[in-house]
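Let's take a walk through this fold together. Have a look at the chain below, and then we can go from one part to the next.

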Amino acid sequence: KNWFKLTGILNGIDVESYNPSKDAALFAPFSAEDLENKKVCKTELQKMLGLPVKDVPMIAMITRLVSHKGLDLVKAVAEDILHEDVQFVLLGTGDTAYEEFFKDLAKRYEGKTSVNIAFNGALSRQIYAGSDIFLMPSISEPCGLSQMICSRYATVPVVRETGGLYD
């Protein structure tokens, strides 16, 4: 009789809001059935961020720059990754030490990196849509939404096996 008093709500995203076929923030709409315009999104993102327009893997992170997001893991391998033929895009704000590390990385790997110390909803959607790989190495992540969002935008999430990311 009292069953209505307790409800479980699974974590998730608004799939209508995060819909690449209708998202007004994107350079071009696309869908799972027709990914052709994902290339347009990547090319236009590269141009906007001052990166060379190249067909190389674009690795992205959109995150708060704090330790539990796994940024020390990224710091440990960033140079090795950037020695490969890839591009790296970061969007986020947080601890000054991480902000400075990524700004310095962008200076040292100019033309391969775009570090955006900001909170910008439209840019985040453009990054989700234009990148190829989404890096989410969180040390702890009770739920995690970014891995769900990037999947909607046909970007492969690479996550650490923890918390909600384990799912």
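M48 sits in helix 1, in what is a predicted model. Is this residue buried or exposed? Neither label fits: the relative accessibility of M48 is 44%, so the residue counts as partly exposed, a class that lies between the 20% limit for buried and the 50% limit for exposed. M48 also has company at the surface, since together with F27 and V40 it makes a nonpolar patch of about 230 Å².

From here we can turn to the sheet. Its five strands pair in parallel and form an open sheet with the order 3-2-1-4-5. Which strands stand at the edges? They are strand 3, residues 113–116, and strand 5, residues 156–159; each has a single partner strand, so one side of each is left without a neighbour in the sheet. On average, neighbouring strands here are turned by 20° against each other, if direction is ignored.

Now back to the helix we started from. Helix 1 spans residues 36–49 and packs on the sheet, where it touches strand 1 (58–62), strand 2 (87–91) and strand 3. The direction of helix 1 makes about 70° with that of strand 1. Helix 2, made of residues 71–82, lies across strand 1, strand 2, strand 3 and strand 4. Relative to strand 1, helix 2 runs at about 160°.

Next, let's follow the pairing around strand 4. On one side, strand 1 and strand 4 run parallel and are joined by two bridges; I59 has I133 in strand 4 as its bridge partner. How many bridges join strand 4 to strand 5? There are four, linking strand 5 in parallel to strand 4, which covers residues 133–136. Along this pair, F134 stands opposite P157 of strand 5, and M136 stands opposite V159 of strand 5. As you step along these strands, keep a general rule in mind: side chains in a regular strand alternate between the two faces of the sheet.

Our last stop is V156, a residue of strand 5. Which residues does V156 contact once its neighbours within four places in sequence are left aside? They are D132, I133 and F134. I133 is thus a name we have met before, as the bridge partner of I59, and F134 is the residue opposite P157. For a view across the model, try D104: its C-alpha atom is separated by 26 Å from that of V156, and the two residues are 52 residues apart along the chain.

Conventions:
Residues are numbered from 1 along each chain as its sequence is written. This is a predicted model: local features need pLDDT of at least 70, side-chain atom pairs count only at pLDDT 80 or more; totals for chains, interfaces and linings use all residues. Side-chain values use heavy atoms; hydrogens and water are left out. Two strands pair if DSSP finds at least two bridges between them. Axes are lines fitted to C-alpha atoms, for helices over the stretch in contact, and angles run from 0 to 180 degrees between N-to-C directions. Contact means heavy atoms within 4.5 Å. Patches are made of residues with over 30% relative accessible area and no salt bridge: like charges are joined within 9 Å, nonpolar side chains (Val, Leu, Ile, Met, Phe, Trp, Tyr) within 5 Å. Accessible areas come from the Shrake-Rupley method with a 1.4 Å probe; for residues, only the protein chains shown count as cover. A salt bridge is a side-chain nitrogen of Lys or Arg within 4 Å of a carboxyl oxygen of Asp or Glu. Buried means under 20% relative accessible area, exposed over 50%, partly exposed in between (1.4 Å probe, protein chains only).
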